[in-house]
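The following paragraphs walk through one protein model, starting with its aromatic side chains and ending with a single helix.

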Amino acid sequence: GINAEYMGTDILTKMIQEETKKAEGSSPVSASNLPRAAGITDIYNFLQDMRHIVLIDLRGDEEFAKSHIRESFPFGVSSPEIVEQLRVFVREKHEKAITSESKYKQKKIRRYIFVTSKAEGFVPTNSVHFAALDAVLAEKEFDKLYFLRDGFEAFAAKYPFLCLESNVIQNNPGKVESIPEGDSRDILTAGEDTYLYSFCKFPIEVLENELFVGDVFHANNRRQLKDLKIINIFDVSGNCKVEFPEVNYHGVEIDQERDSLNEIDTLCAQIKAEVDAGNKPVLLYCKDGMKAVGIAIAYLMFSRKMDVNRASLIIFSRVSNVEINKKLYTQILIYTPGCAAQFKKL
């Protein structure tokens, strides 16, 4: 589809002005505040951030009913009623965000994602797309505007567990099939289970199809490991062992209280070897995730030949809801990839 990335600004500005005239009024929409492209992994990670996010689905009503990203707002047609409903939805999300930010001392952020099919793309001169963007901008509470670059189809193919059909609970009244004995889900219907699972917190995918960062909850969630196709898990606390026959467990204790640079380097080499052998994606975890964040930075330095500043920026931008272990990070700051091999030579 046509979007701001593929059109000249002057041409696009003229087309937007024409669309504004059709709307019979002024509009805050301009070529400078159009949404920018975000990949499916970006959107997946935004959903794990647990802070403010508004998804606006611009596909048709039938497509939305069949499947949509959980908690999306359906905006398949442009009418005064739908526009007002969207503005109310945006205000409610904003008010909830204010409460959460105050309660948990979170940094303010307002993110809006426009979802379309891949064939359509985000087209600012499409009357439906324009009306949705106009409604969001009119509320004047936004920081980041995105559209799903590869379309809903690609997102649903990789992350189907984050997508729901309309009326999923009513349409699936039967019991969950093949649940283990004693599993708490035996009190749920299949629809309730699907709905609640879509709101679980999943590990962050810091490197697409390669590396996830999480905590002991993620490592012990067999269902999540299966859905994310994770077959190797690295426990950097060394004492949170997981025993699933289909998953390879690696326990490596990284002690932040002493010099652990050689152990960090050896661990990065082990992860890289598994990745190169095709045994990916990998989950890097510890009890609370704080050490895992630090090792993820070291892994980027090791595998991508990055300096610590660039690697830190990438990881911190993706894992924004977990603090890093500060003592470990002081070691990462002086880490030199390959130091373990050099030490052995000495």
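Tyr 44, Phe 155, Tyr 159, Phe 161, Tyr 197, Phe 202 and Phe 212 belong to one aromatic cluster. The model is predicted. Across the whole structure, a search returns 13 aromatic pairs. One of these is the pair of Phe 46 and Tyr 146, with ring centres 5.1 Å apart and planes at 45°, a tilted arrangement. The two partners are 100 residues apart in the chain: Phe 46 belongs to helix H2 (residues 40-48), and Tyr 146 to strand E6 (residues 144-148).

Are these two rings buried or exposed? Phe 46 has a relative accessible area of 16%, which is under the 20% cut-off, so Phe 46 counts as buried. Tyr 146, at 6%, is buried as well. In a second pair, the rings of Tyr 197 and Phe 202 have centres 5.4 Å apart; their planes meet at 75°, which is over 60 degrees, and the pair is therefore edge-to-face. Both Tyr 197 and Phe 202 are buried, and both are members of the cluster named at the start.

Tyr 197 has a further neighbour: Arg 223 lies over its face, 3.7 Å from the ring centre. A similar placement involves Phe 152, where the charged end of Arg 59 sits over the ring at 3.9 Å from its centre.

Helix H5 covers residues 127-138. What span should its twelve residues have at 1.5 Å a residue? The expected value is 16 Å, and the end C-alpha atoms are 16 Å apart, so the two agree. At the N-terminal end, Asn 126 acts as a cap, with a side-chain oxygen 2.8 Å from the backbone nitrogen of Val 128. After the helix comes Lys 140, which has a positive phi, near 60°.

Nine of the twelve residues of H5 are buried, and the helix is therefore largely enclosed by the rest of the structure. The buried residues are Val 128, His 129, Phe 130, Ala 131, Ala 132, Leu 133, Ala 135, Val 136 and Leu 137. In an α-helix there are 3.6 residues a turn, so residues three or four places apart point the same way.

The chain as a whole gives the setting. The protein chain contains 15 helices and twelve strands, and 49% of its 346 residues are buried. Of the contacts between residues at least 6 apart in sequence, 67% join residues at least 24 apart. The exposed area of the chain is about 17,300 Å², with carbon and sulfur atoms supplying 52% of it.

Methods: Residues are numbered from 1 along each chain as its sequence is written. This is a predicted model: local features need pLDDT of at least 70, side-chain atom pairs count only at pLDDT 80 or more; totals for chains, interfaces and linings use all residues. Side-chain values use heavy atoms; hydrogens and water are left out. Helices (H or I, at least four residues) and strands (E, at least two) are DSSP runs, numbered from the N terminus. Buried means under 20% relative accessible area, exposed over 50%, partly exposed in between (1.4 Å probe, protein chains only). Contact means heavy atoms within 4.5 Å. Accessible areas come from the Shrake-Rupley method with a 1.4 Å probe; for residues, only the protein chains shown count as cover. Rings of Phe, Tyr and Trp (its six-membered ring) pair if their centres lie within 6.5 Å; planes under 30 degrees apart count as stacked, over 60 as edge-to-face and the rest as tilted. A charge sits over a ring if NZ of Lys or CZ of Arg is within 6 Å of the ring centre and within 35 degrees of the ring normal. The expected span of a helix is 1.5 Å times one less than its number of residues. A polar contact is a pair of N or O atoms within 3.5 Å; within protein, one must be able to donate a hydrogen and the other to accept it, and residues adjacent in sequence count only if both atoms are side-chain atoms.
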